[in-house]
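Colleague: I would like a close look at one helix and what surrounds it. Please keep to what the coordinates support.

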Amino acid sequence: MSAPGSDQAILDLFEQSADERYTYFIAQAIEREAVWTLQGSGGFVAFRDEDGCDCFPFWPSPELAAAVATDDWADCQPESLALDVFMERWLKGLARDERLVSVFPAPDGTSIVVDPLELHADLSQAKANPATR
């Protein structure tokens, strides 16, 4: 599996179900040893889910993050995070602050929203068992 190389590849990925995108995110994060978020002049992007919880979105490539940088996020640029930093600082910090993670959100807003420690466990398992990716 490799990063999307064309506009059509990006569209095809966004058309996958949220579950399929979650699986792709895990595999790509391990393969690339990085994840991406969006950062603008006000800092890193976040949104509130329907329950009022703060959610921080992450994507498996800069191209996919950039594809969602529209409307309220039009001034934002993809920002890479090394996977180890993401897992040990970001996910644990988000969990401590009782925030959630939106994994690979699509332009239509669909994604899997998970507890950061659940994503940490899934990434840890994938790192430990490369055959399951």
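The part I mean is helix α4, residues 83–96. To begin with one side chain, what is the relative accessible area of glutamate 88, and is the residue buried, partly exposed or exposed?

Modeller: The model is a predicted one. In it, glutamate 88 has a relative accessible area of 41% and counts as partly exposed. Its salt-bridge partner is lysine 92, with 2.5 Å between the closest N and O atoms. Lysine 92 is partly exposed as well, at 36%. The two residues lie in α4, 4 residues apart, which is about one turn of the helix. An α-helix has 3.6 residues a turn, so positions three or four places apart point the same way.

The buried positions of α4 are another matter. Leu83, Phe86, Met87, Trp90, Leu91, Gly93 and Leu94 are buried in this helix. As for its length, α4 has 14 residues and spans 19 Å from its first C-alpha to its last, close to the 20 Å expected at 1.5 Å a residue.

Next come the strands around the helix, starting with the open sheet of 3 strands. Its order is β2-β1-β5, and the pairing is antiparallel. The edges are β2 (43–44) and β5 (77–82); each has a single partner strand, so one side of each has no neighbour in the sheet. Strand β1, residues 34–40, is joined to β2 by 2 bridges. Glycine 40 has glycine 43 in β2 as its bridge partner. Against this sheet packs α4, which touches β1, β2 and β5 and whose direction makes about 85° with that of β5.

The other open sheet has 4 strands in the order β3-β4-β6-β7, with mixed pairing. Here the edge strands are β3 (47–48) and β7 (112–114), each pairing on one side only. Strands pair through backbone hydrogen bonds, either parallel or antiparallel. β3 and β4 (residues 54–58) pair in the antiparallel sense over 2 bridges, and one bridge pair is arginine 48 with aspartate 54 in β4. On this sheet α4 touches β4 and β6, and its direction makes about 160° with that of β4. A second helix, α2 (residues 18–32), lies across β4, β6 and β7, at about 60° to β7.

β6 (100–103) is one of the strands that α2 lies across. Its pairing with β4 is parallel, over 4 bridges, and phenylalanine 58 stands opposite valine 103. On the β7 side the pairing is antiparallel, with 3 bridges, and valine 103 stands opposite isoleucine 112. In a regular strand the side chains alternate between the two faces of the sheet. Both faces of β6 are covered: Leu100 and Ser102 are buried on one side, and Val101 and Val103 are buried on the other.

The stretch between α4 and β6 deserves a separate look. Glutamate 98 follows α4 and has a positive phi, near 60°. Arginine 99 is partly exposed, with a relative accessible area of 30%. Its side chain meets that of aspartate 54 in a salt bridge, at 3.7 Å from N to O. Arginine 99 lies in the loop between α4 and β6 and aspartate 54 in strand β4, so this pair ties together parts that are 45 residues apart in sequence.

Aspartate 54 also forms a salt bridge with arginine 48, the closest N and O atoms being 3.4 Å apart. Aspartate 54 is partly exposed at 24% relative accessible area, whereas arginine 48 counts as exposed at 58% relative accessibility.

To close, the search of the whole structure finds 4 salt bridges. Among them is the contact inside the helix, between glutamate 88 and lysine 92, whose residues lie about one turn of α4 apart. Arg48, Asp54 and Arg99 are joined into one network by salt bridges that share partners.

Key:
Residues are numbered from 1 along each chain as its sequence is written. This is a predicted model: local features need pLDDT of at least 70, side-chain atom pairs count only at pLDDT 80 or more; totals for chains, interfaces and linings use all residues. Side-chain values use heavy atoms; hydrogens and water are left out. Two strands pair if DSSP finds at least two bridges between them. Contact means heavy atoms within 4.5 Å. Axes are lines fitted to C-alpha atoms, for helices over the stretch in contact, and angles run from 0 to 180 degrees between N-to-C directions. Buried means under 20% relative accessible area, exposed over 50%, partly exposed in between (1.4 Å probe, protein chains only). The expected span of a helix is 1.5 Å times one less than its number of residues.
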